[in-house]
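Reader: Before I accept any of the labels, I would like to set each one against its definition. Could we go through them one at a time?

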Amino acid sequence: MNKKVMVLGGGIAGLSAALELSKKNIQVELVEKTCFLGGKSIGFTCKATDKCQQCGACVVEEVLRDVVEQPNINVHLRTEMEQVVKNGRFKVKLKKSNSIPKENQILTGFSKYNSPYKVVIGNVQGSEDAVSIDRLGTEGELDVDALIIATGFTPFDPTARATYGYKRWGNVITALELENTLRTEVKAIKPSDGQRAKKIGFIQCVGSRSQTFNSVWCSEVCCPYALRMASMIKHKYPDTEIWIFFIDIQNVGKEYSSFLEQIKSDIKLVTATPIDIFPAQDNKVKVAYEDDIEDRRKLEEFDLVVLSVGIMPNKDNKELSKIINIDLSEHGFFSDIDPLRPSLTSREGIFLAGTTTGPKDILSTISHAKGAVCETLTYLGGKK
Ligand SMILES: Cc1cc2nc3c(=O)[nH]c(=O)nc-3n(C[C@H](O)[C@H](O)[C@H](O)COP(=O)(O)OP(=O)(O)OC[C@H]3O[C@@H](n4cnc5c(N)ncnc54)[C@H](O)[C@@H]3O)c2cc1C
Ligand code: SF4
Ligand code: SF4
């Protein structure tokens with residue numbers, strides 16, 4: 001098939017779609033806003049204990065390596081879509097993105113300017129491991145036959161939940177930050193002094209299932225990632241005390257009950273939503289929560305508190321929806337028009353992949369992206 005498809009977004013959804021298309025001999029233009037490929041999940045840690053916990057993180061690096069080796073995938077880093085016009089094919093106007101790393105910003109991903117292939121995690125500009133990044137971006141127009149939108153999600157910003165003290169108290173971090181630290185350091189580090197945290201509290205549903213933030217959905221991935229990270233830490237450092245504050249545990253998979261039973265002996269599970277987090281002596285943080293069983297307020301002190309942030313719509317969605325002329329759902333994700341064909345949109349030739357339509361874990365994102373490729377091939381086959 002002598003066709004060309006643009007994939008917008010270089011996270012695991014976009015990478016999987018690009019790879020599948022290239023295997024079908026379709027030329028792919030892969031457009032990524034940041035300077036790196038891989039999206040959020042390229043920075044995730046392996047959560048294996050004495051056995052694989054099937055978190056999916058290693059799959060991302062495998063797919064990324066395959067994409068980088070494909071001659072028929074053109075990668076445009078630091079590039080965004082500005083306009084799309086359909087006249088038979090799609091004429092897409094691209095512009096250089098403003099997304100440039102800030103001084104000392106921790107970044108993860110793959111940079112095409114580093115040979116041999118390298119996944120970068122760390123302070124790109126400052127570290128000894130410094131790498132070159134694509135500062136140029138692509139400008140101009142490209143003609144393509146179809147588009148796959150794989151622009152992913154934005155994690156909940158916990159500064160909006162002021163009582164949790166994120167960015168105010170040093171030892172309150174997000175689960176995304178913990179993923180990156182565990183990947184590079186293999187232990188949970190206290191930002192205050194760089195030492196290993198020996199008592200850790202995870203707080204679930206941060207930003208999700210919330211009327212206040214108009215985000216009433218369950219993010220689906222945070223119970224599994226928190227439980228897996230907790231059991232991985234406990235396995236590596238058995239002297240660590242771990243608490244998890246939750247409303248109810250969701251979506252831990254087929255072996256849920258045995259997994260949970262096994263975890264209960266190692267980890268303290270508390271059914272409560274913490275109200276407040278505040279600083280204590282020696283850079284510790286105190287969590288105030290309502291004990292529903294004893295019906296009274298309690299306080300618990302931790303070395304490190306981890307906020308299990310949820311999956312929110314990409315903050316670019318509103319602007320993107322105007323450019324591609326596709327409506328968003330009431331919650332701000334891109335909505336499919338047919339639940340049985342979850343990649344279809346109201347515009348022929350434009351398809352959706354991954355968390356751009358709502359919460360998904362890595363493996364569900366990959367299968368959604370494969371579905372988007374099937375729809376694209378059907379569309380291209382019909383066009384001839
Ligand atoms: C803290 C945390 C931990 C998690 N841990 C796990 C886990 O252990 N296992 C698991 O299975 N799942 C986990 N998940 C879920 C996982 O992150 C998602 O399944 C996965 O990242 C979805 O991939 P994606 O490609 O849809 O989106 P993303 O990873 O968000 O990638 C989207 C890409 O599109 C780019 N982009 C965005 N806007 C534009 C634009 N306008 N133009 C061009 N490019 C754009 C972004 O820069 C990014 O590279 C976790 C999620 C969180 C929040
Ligand atoms: S990264 Fe996840 S899926 Fe891969 S080996 Fe480790 S635990 Fe298993
Ligand atoms: S997966 Fe768990 S932590 Fe995440 S929103 Fe659902 S219930 Fe809350």
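Reader: What makes seven residues of the lining of the second largest pocket nonpolar?

Author: The lining divides into seven nonpolar, four polar and two charged residues, where Ala, Val, Leu, Ile, Met, Phe, Trp, Tyr, Cys and Pro count as nonpolar, Asp, Glu, Lys and Arg as charged, and the others, Gly among them, as polar. This is a predicted model, in which local features need pLDDT of at least 70 and side-chain atom pairs count only at pLDDT 80 or more, while totals for chains, interfaces and linings use all residues. Residues are numbered from 1 along each chain as its sequence is written, chains are lettered from A and ligands numbered from 1 in the order in which they are written, and side-chain values use heavy atoms, with hydrogens and water left out.

Reader: Which residues line the second largest pocket, and what is its volume?

Author: It is lined by 13 residues, of which Pro155, Phe156, Asp157, Met312 and Pro313 lie nearest its centre, and its volume is about 200 Å³. Two strands, β10 (153-155) and β19 (311-313), give two or more residues each to that lining.

Reader: Why is the other kind of space called a cavity?

Author: On a 1 Å grid over the protein atoms alone, a cavity is a set of points where a 1.4 Å probe fits but cannot get out, whereas a pocket is an open set with protein on both sides within 12 Å along at least five of seven lines; lining residues have an atom within 4 Å of a point. The search of the whole structure finds one cavity of 30 Å³ or more, and the largest cavity holds about 70 Å³ of space. Its lining includes Gln204, Cys205, Arg209, Glu220 and Gln250, with at least two residues supplied by each of β12 (199-206) and α4 (222-236).

Reader: How do you know that ligand 1 makes polar contacts with Cys55, and where else are such contacts found?

Author: A polar contact is a pair of N or O atoms within 3.5 Å. A nitrogen atom of ligand 1 is 2.8 Å from a polar backbone atom of Cys55, and oxygen atoms of the ligand lie 2.7 Å from a polar backbone atom of Lys360 and 2.7 Å from a backbone N or O atom of Ile362, so these pairs satisfy the cut-off. The protein covers 96% of the 990 Å² of accessible area that ligand 1 has on its own (Shrake-Rupley method, 1.4 Å probe).

Reader: Why is ligand 1 said to lie between the domains?

Author: Domain 1 (4-152 + 314-383) and domain 2 (158-309) both give residues to its shell, so ligand 1 lies between them. Of the 33 residues around ligand 1, Glu32, Lys40, Thr355, Lys360 and Ile362 come nearest, and the largest share from an element, three residues, comes from α3.

Terms used:
A residue is near a molecule or strand if one of its heavy atoms lies within 4 Å of it. A polar contact is a pair of N or O atoms within 3.5 Å; within protein, one must be able to donate a hydrogen and the other to accept it, and residues adjacent in sequence count only if both atoms are side-chain atoms. Helices (H or I, at least four residues) and strands (E, at least two) are DSSP runs, numbered from the N terminus. Domain bounds come from an automatic or database domain assignment. Grid points are joined across faces, edges and corners, and a volume is the space filled by probe spheres set on the points.
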